[in-house]
Amino acid sequence: MKQATCPQGQVTSDWTIRRDNFGNDCVDVRFDRATCADCFKRPQCTRSKAGPREIMMRPQAQHKLLQTRRQQQATDTWRAHYGKRAGIEGTLSQGIRAFGLRRCRYIGLPKTRFQHVVTALAMNVARIDDWLTGGSFAKTRRSAFAQMHFRLRSPCRRNSAA
Ligand code: SF4
């Protein structure tokens, strides 16, 4: 049976191959309930109150491709290339989440257009205000499991623990 190993050196007790909601192959792995219950890293590893750590993974070929893409994303060339898209995505996200851009408050195209123009103006004002007052940017969320993995791999952390 195939197994995965967690940062604490424990191996999975369950390995299930299935398809996700989009029809893509994936693998569900689960660690032993009793082992996770006794683990001192549990609060940083899973938000589950009583259950063991469970992870959904992609098949190896897809996983390797994903890792390659993530390494490319860490380069300055890629960041410079992606910068424009990130700005556009951020603008759309701000419009939808902070300014209700997904819902039209009026009936008819002229009023809908008016709403969009006023929303764009409001977003510009908010962004200028953030820029002038040094507003903080939101950070990309990292899962608890990934945070623990990176902490364990960090050389500073290892040196200070030694
Ligand atoms: S709680 Fe997380 S780190 Fe601890 S044994 Fe389970 S999977 Fe491993």
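The lining of the largest cavity in this predicted model splits into seven nonpolar, four polar and three charged residues. That cavity holds about 130 Å³, and the search turns up just one cavity of 30 Å³ or more. Its wall is built from 14 residues, and C6, C36, C39, C45 and R53 sit closest to the centre. As for secondary structure, α1 (33–38), α2 (42–45) and α6 are the elements that put two or more residues into this lining.

What takes up the space of the largest cavity? The ligand does. Around the ligand come C6, Q8, Q10, F31, C36, C39, R42, C45, R53 and M148. Sorted by class, this shell has six nonpolar, two polar and two charged residues. The residues closest to the cavity centre, C6, C36, C39, C45 and R53, turn up again among those surrounding the ligand.

C45 is worth a closer look. This cysteine belongs to helix α2, and α2 is one of the elements that line the largest cavity. Is C45 buried or exposed? With a relative accessible area of 10%, C45 falls below the 20% cut-off and so counts as buried. Along the chain C45 and Q147 are 102 residues apart, yet their C-alpha atoms are separated by 8.4 Å. Q147 falls within the range of α6 (144–153), and α6 also gives two or more residues to the lining of the largest cavity.

The open spaces come next. The largest pocket has a volume of about 1700 Å³. Its lining runs to 37 residues, with H63, L66, Q67, R70 and A146 nearest the centre. Five elements, β1 (12–19), β2 (25–31), β3 (54–57), α3 (60–73) and α6 (144–153), each bring at least two residues to this wall. Which of them gives the most? That is α3, with seven residues. H63, L66, Q67 and R70, listed among the residues nearest the pocket centre, carry numbers inside the 60–73 range of α3, while A146 has a number inside the 144–153 range of α6. In terms of class, 17 of the lining residues are nonpolar, nine are polar and 11 are charged.

The second largest pocket takes in about 420 Å³ of space. Here 14 residues form the lining, and Q94, R127, D130, S136 and F137 are the closest to the centre. Two elements supply two or more residues each, namely α4 (76–99) and α5 (109–133). Helix α4 is the top contributor, with six residues. By class, this lining has four nonpolar, seven polar and three charged residues.

Helix α4 is also home to R85. At 48% relative accessibility, R85 stays under the 50% that marks an exposed residue, so it is classed as partly exposed. R85 and T46 lie 39 residues apart along the chain, and 32 Å separates their C-alpha atoms. Another arginine, R142, is placed in the loop between α5 and α6. Its relative accessible area comes to 44%, which makes R142 partly exposed as well. From R142 back to A122 is 20 residues in sequence and 30 Å in space, C-alpha to C-alpha.

Stepping back to the whole chain, the secondary structure adds up to seven helices and three strands. In sequence order these follow the pattern β-β-α-α-β-α-α-α-α-α. The C-alpha trace spans about 60 × 40 × 35 Å along its principal axes. How does the radius of gyration, 22 Å, fit with what a compact globule of 162 residues would show? Such a globule would come out near 15 Å. Of the 162 residues in the chain, 15% are buried, and C45 is one of the residues in that class.

Key:
Residues are numbered from 1 along each chain as its sequence is written. This is a predicted model: local features need pLDDT of at least 70, side-chain atom pairs count only at pLDDT 80 or more; totals for chains, interfaces and linings use all residues. Side-chain values use heavy atoms; hydrogens and water are left out. A residue is near a molecule or strand if one of its heavy atoms lies within 4 Å of it. On a 1 Å grid over the protein atoms alone, a cavity is a set of points where a 1.4 Å probe fits but cannot get out, and a pocket is an open set with protein on both sides within 12 Å along at least five of seven lines; lining residues have an atom within 4 Å of a point. A molecule sits in a cavity or pocket if more than half of its atoms lie within 2 Å of its grid points. Ala, Val, Leu, Ile, Met, Phe, Trp, Tyr, Cys and Pro count as nonpolar, Asp, Glu, Lys and Arg as charged, and the others, Gly among them, as polar. Grid points are joined across faces, edges and corners, and a volume is the space filled by probe spheres set on the points. Helices (H or I, at least four residues) and strands (E, at least two) are DSSP runs, numbered from the N terminus. The radius of gyration is taken over C-alpha atoms; the globule rule is 2.2 Å times the number of residues to the power 0.38. Buried means under 20% relative accessible area, exposed over 50%, partly exposed in between (1.4 Å probe, protein chains only).
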